[in-house]
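Let's explore a protein model together, one question at a time. Keep the picture beside you as you read.

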Amino acid sequence: MRAKNQLRIVSGYLSGQLIDTPKTSATKPMGERERIAIFNQIRSHLPEARVLDAFAGSGALGITAISNGANSVDFLEKNPEAIKTISANLKKHKCNERAKIVKNIDGLSVYDLIFADPPYNNPQYELVEKIVQKLAQGGILVLSHPKEPTPPTFDGLELLSDRSYAGACIKIYFKQ
(Lines give C-alpha, C1' and ligand atoms only; values in the text may rest on other atoms or scores of the structure.)
Protein backbone atom coordinates (compact mmCIF):
# COMPACT_ATOMS: atom_id res chain seq x y z
CA MET A 1 0.00 0.00 0.00
CA ARG A 2 1.23 3.47 -0.87
CA ALA A 3 1.89 5.90 1.98
CA LYS A 4 0.82 9.55 1.82
CA ASN A 5 4.38 10.72 1.11
CA GLN A 6 5.03 8.28 -1.75
CA LEU A 7 4.64 8.36 -5.53
CA ARG A 8 4.48 5.53 -7.99
CA ILE A 9 6.93 5.35 -10.90
CA VAL A 10 4.61 5.44 -13.91
CA SER A 11 6.54 3.61 -16.66
CA GLY A 12 9.63 1.67 -17.63
CA TYR A 13 11.33 -1.22 -15.87
CA LEU A 14 10.65 0.38 -12.46
CA SER A 15 6.95 0.93 -13.23
CA GLY A 16 4.79 0.52 -10.14
CA GLN A 17 7.71 0.89 -7.71
CA LEU A 18 7.36 3.57 -5.03
CA ILE A 19 9.54 6.57 -4.30
CA ASP A 20 9.36 8.86 -1.31
CA THR A 21 8.57 12.57 -1.50
CA PRO A 22 10.33 15.18 0.64
CA LYS A 23 8.77 15.83 4.02
CA THR A 24 8.57 19.58 3.41
CA SER A 25 6.00 22.01 2.07
CA ALA A 26 8.73 23.60 -0.10
CA THR A 27 8.12 21.01 -2.85
CA LYS A 28 4.91 19.73 -4.41
CA PRO A 29 5.07 16.54 -6.46
CA MET A 30 3.56 16.48 -9.94
CA GLY A 31 0.41 14.37 -10.12
CA GLU A 32 0.44 10.84 -11.49
CA ARG A 33 -1.96 11.70 -14.33
CA GLU A 34 0.37 14.46 -15.54
CA ARG A 35 3.45 12.23 -15.30
CA ILE A 36 1.74 9.47 -17.28
CA ALA A 37 0.72 11.96 -20.00
CA ILE A 38 4.25 13.36 -20.22
CA PHE A 39 5.96 9.98 -20.51
CA ASN A 40 3.42 8.78 -23.08
CA GLN A 41 4.43 11.76 -25.25
CA ILE A 42 8.23 11.67 -24.80
CA ARG A 43 9.05 7.98 -24.30
CA SER A 44 10.67 7.65 -27.75
CA HIS A 45 13.17 10.41 -26.83
CA LEU A 46 14.41 8.67 -23.67
CA PRO A 47 16.68 5.80 -24.75
CA GLU A 48 20.31 6.91 -24.27
CA ALA A 49 19.24 10.52 -23.52
CA ARG A 50 21.13 12.89 -21.24
CA VAL A 51 18.40 14.27 -18.97
CA LEU A 52 18.06 17.17 -16.54
CA ASP A 53 15.36 17.03 -13.86
CA ALA A 54 15.29 20.70 -12.79
CA PHE A 55 13.52 21.64 -9.54
CA ALA A 56 13.66 17.89 -8.95
CA GLY A 57 11.81 17.60 -5.61
CA SER A 58 11.45 13.83 -5.16
CA GLY A 59 13.30 13.00 -8.39
CA ALA A 60 10.20 11.26 -9.81
CA LEU A 61 10.63 12.61 -13.35
CA GLY A 62 14.34 11.82 -13.55
CA ILE A 63 13.99 8.35 -12.01
CA THR A 64 11.18 7.58 -14.45
CA ALA A 65 13.49 8.74 -17.27
CA ILE A 66 16.14 6.27 -16.04
CA SER A 67 13.44 3.60 -15.86
CA ASN A 68 12.74 4.28 -19.56
CA GLY A 69 16.37 4.00 -20.72
CA ALA A 70 17.92 7.44 -20.20
CA ASN A 71 21.71 7.27 -20.27
CA SER A 72 22.17 9.74 -17.42
CA VAL A 73 20.12 12.14 -15.30
CA ASP A 74 21.25 15.23 -13.44
CA PHE A 75 18.90 16.30 -10.65
CA LEU A 76 18.97 20.08 -10.07
CA GLU A 77 17.74 20.78 -6.56
CA LYS A 78 18.78 23.11 -3.74
CA ASN A 79 16.39 22.15 -0.92
CA PRO A 80 18.35 19.98 1.59
CA GLU A 81 15.36 17.77 2.46
CA ALA A 82 14.63 17.18 -1.25
CA ILE A 83 18.30 16.36 -1.94
CA LYS A 84 18.25 13.82 0.89
CA THR A 85 15.05 12.29 -0.52
CA ILE A 86 16.37 12.11 -4.10
CA SER A 87 19.57 10.47 -2.86
CA ALA A 88 17.59 7.86 -0.90
CA ASN A 89 15.29 7.18 -3.88
CA LEU A 90 18.26 6.72 -6.22
CA LYS A 91 19.91 4.32 -3.78
CA LYS A 92 16.66 2.39 -3.19
CA HIS A 93 16.19 1.79 -6.94
CA LYS A 94 19.90 1.29 -7.70
CA CYS A 95 20.05 4.28 -10.07
CA ASN A 96 23.13 5.96 -8.55
CA GLU A 97 25.48 5.04 -11.39
CA ARG A 98 23.48 7.00 -13.95
CA ALA A 99 22.55 9.94 -11.72
CA LYS A 100 24.10 13.04 -10.21
CA ILE A 101 22.61 15.67 -7.90
CA VAL A 102 23.53 19.26 -8.81
CA LYS A 103 22.81 22.17 -6.46
CA ASN A 104 23.18 25.11 -8.88
CA ILE A 105 23.19 25.81 -12.60
CA ASP A 106 26.97 26.18 -12.72
CA GLY A 107 27.20 22.38 -12.55
CA LEU A 108 24.97 21.78 -15.58
CA SER A 109 26.01 20.19 -18.85
CA VAL A 110 24.10 19.93 -22.16
CA TYR A 111 20.96 17.81 -22.24
CA ASP A 112 18.78 15.99 -24.76
CA LEU A 113 15.76 16.32 -22.47
CA ILE A 114 15.00 18.83 -19.74
CA PHE A 115 12.17 18.61 -17.22
CA ALA A 116 11.49 21.99 -15.61
CA ASP A 117 8.90 21.82 -12.83
CA PRO A 118 9.47 24.93 -10.70
CA PRO A 119 7.33 25.61 -7.63
CA TYR A 120 4.01 27.11 -8.74
CA ASN A 121 4.13 29.76 -6.01
CA ASN A 122 7.51 30.92 -7.41
CA PRO A 123 7.89 29.78 -11.04
CA GLN A 124 11.37 31.36 -11.41
CA TYR A 125 11.03 31.86 -15.17
CA GLU A 126 14.35 33.73 -15.35
CA LEU A 127 16.11 30.64 -14.02
CA VAL A 128 14.10 28.42 -16.38
CA GLU A 129 15.33 30.57 -19.30
CA LYS A 130 18.94 29.99 -18.18
CA ILE A 131 18.33 26.26 -17.87
CA VAL A 132 16.83 26.16 -21.38
CA GLN A 133 20.22 27.39 -22.67
CA LYS A 134 21.52 23.90 -21.77
CA LEU A 135 19.15 22.13 -24.18
CA ALA A 136 20.92 20.39 -27.07
CA GLN A 137 19.94 20.78 -30.72
CA GLY A 138 17.03 18.38 -31.34
CA GLY A 139 16.27 18.33 -27.60
CA ILE A 140 12.97 18.34 -25.75
CA LEU A 141 11.88 20.69 -22.93
CA VAL A 142 8.98 19.67 -20.69
CA LEU A 143 7.74 22.67 -18.69
CA SER A 144 5.17 22.40 -15.92
CA HIS A 145 3.75 25.74 -14.82
CA PRO A 146 0.73 27.40 -13.20
CA LYS A 147 -1.94 29.04 -15.37
CA GLU A 148 -0.75 32.44 -14.12
CA PRO A 149 1.77 33.89 -14.57
CA THR A 150 2.29 32.46 -18.05
CA PRO A 151 5.82 31.43 -18.99
CA PRO A 152 7.91 33.41 -21.47
CA THR A 153 8.35 32.33 -25.05
CA PHE A 154 11.65 30.58 -25.66
CA ASP A 155 13.66 31.59 -28.72
CA GLY A 156 14.55 28.64 -30.93
CA LEU A 157 11.96 26.31 -29.38
CA GLU A 158 8.88 25.00 -31.16
CA LEU A 159 5.83 24.29 -29.01
CA LEU A 160 4.76 20.68 -29.65
CA SER A 161 2.10 20.26 -26.98
CA ASP A 162 0.19 22.48 -24.54
CA ARG A 163 -2.16 20.71 -22.13
CA SER A 164 -3.89 21.63 -18.88
CA TYR A 165 -4.67 19.36 -15.96
CA ALA A 166 -6.71 21.15 -13.27
CA GLY A 167 -4.26 23.84 -12.02
CA ALA A 168 -1.26 22.45 -13.90
CA CYS A 169 -0.18 23.33 -17.42
CA ILE A 170 2.31 21.13 -19.27
CA LYS A 171 4.09 22.44 -22.34
CA ILE A 172 6.45 20.34 -24.45
CA TYR A 173 8.94 22.10 -26.73
CA PHE A 174 11.42 20.95 -29.40
CA LYS A 175 14.71 22.73 -30.08
CA GLN A 176 15.38 22.89 -33.81
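Q: How many of the 8 residues of β9 are buried?
A: This is a predicted model, and every value here is computed from it. In it, strand β9 is largely enclosed by the rest of the structure. That description rests on the number of its residues that are buried, which is 6 of the 8.

Q: Which strand does β9 join through 7 bridges?
A: Look along β9 for a strand that runs antiparallel to it. One place to check is Cys 169 in β9, which has His 145 standing opposite. The strand with the 7 bridges to β9 is β7.

Q: Over how many bridges do β8 and β9 pair?
A: These two strands form a hairpin, with 2 residues between them. Ala 166 sits in the turn and has a positive phi of about 55 degrees. Across the hairpin, Arg 163 has Ile 170 in β9 as its bridge partner. The pairing is antiparallel, and its bridges number 8.

Q: Which kind of aromatic pair do Phe 154 and Tyr 173 form?
A: The ring centres of Phe 154 and Tyr 173 are 5.3 Å apart, and the planes make an angle of 90 degrees. An angle over 60 degrees puts a pair in one particular class. For Phe 154 and Tyr 173, that class is edge-to-face.

Q: How many residues apart in sequence are the parts that Phe 154 and Tyr 173 tie together?
A: Phe 154 lies in the loop between β7 and β8, while Tyr 173 belongs to strand β9. Phe 154 counts as buried at 8% relative accessibility, and Tyr 173 is buried too, with a relative accessible area of 6%. The pair links parts of the chain whose separation in sequence is 19 residues.

Q: Which element gives the most residues to the largest nonpolar core?
A: This core has 32 residues, and Phe 39, Ile 42, Val 51, Phe 115 and Val 142 touch the most other members. Elements giving two or more residues to the core include α1, α3, β6 and β9. The top contributor gives 5 residues, and that element is α2.

Q: How many residues are in the other core, the one with Val 102 and Ile 114 among its members?
A: This core lies apart from the one just described. Leu 143 and Tyr 173 are also among its residues. In general, nonpolar side chains tend to be buried together in soluble globular proteins. The number of residues in this other core is 18.

Q: Is Glu 34 buried or exposed?
A: Glu 34 lies in helix α1. Leaving out residues up to four places away in sequence, Glu 34 touches Tyr 165 and Ala 168. Glu 34 has no salt bridge, and the nearest side chain of opposite charge, Arg 33, is 5.7 Å away. Even so, Glu 34 is buried.

Q: How far apart in space are Met 30 and Asp 117, C-alpha to C-alpha?
A: Met 30 is found in the loop between β2 and α1, and is buried with a relative accessible area of 11%. Beyond residues up to four places away in sequence, Met 30 touches several others, among them Leu 61, Asp 117 and Ile 170. Met 30 and Asp 117 are 87 residues apart in sequence, yet their distance in space is 8.1 Å.

Note on methods. Residues numbered from 1 in each chain as written. Predicted model: local features only at pLDDT ≥ 70, side-chain atom pairs only at ≥ 80, totals over all residues. Heavy atoms only, no water. Phe/Tyr/Trp six-rings, centres within 6.5 Å; stacked < 30°, edge-to-face > 60°. Helix = DSSP H or I, 4+ residues; strand = E, 2+ residues; numbered from the N terminus. Buried < 20%, exposed > 50% of the residue type's maximum accessible area, 1.4 Å probe, protein only. Core = buried A, V, L, I, M, F, W, Y, C linked by side-chain atoms within 4.5 Å. Pairing = 2+ DSSP bridges. Lys, Arg positive; Asp, Glu negative; His and termini not counted. Salt bridge = Lys/Arg side-chain N within 4 Å of Asp/Glu carboxyl O. Contact = heavy atoms within 4.5 Å.
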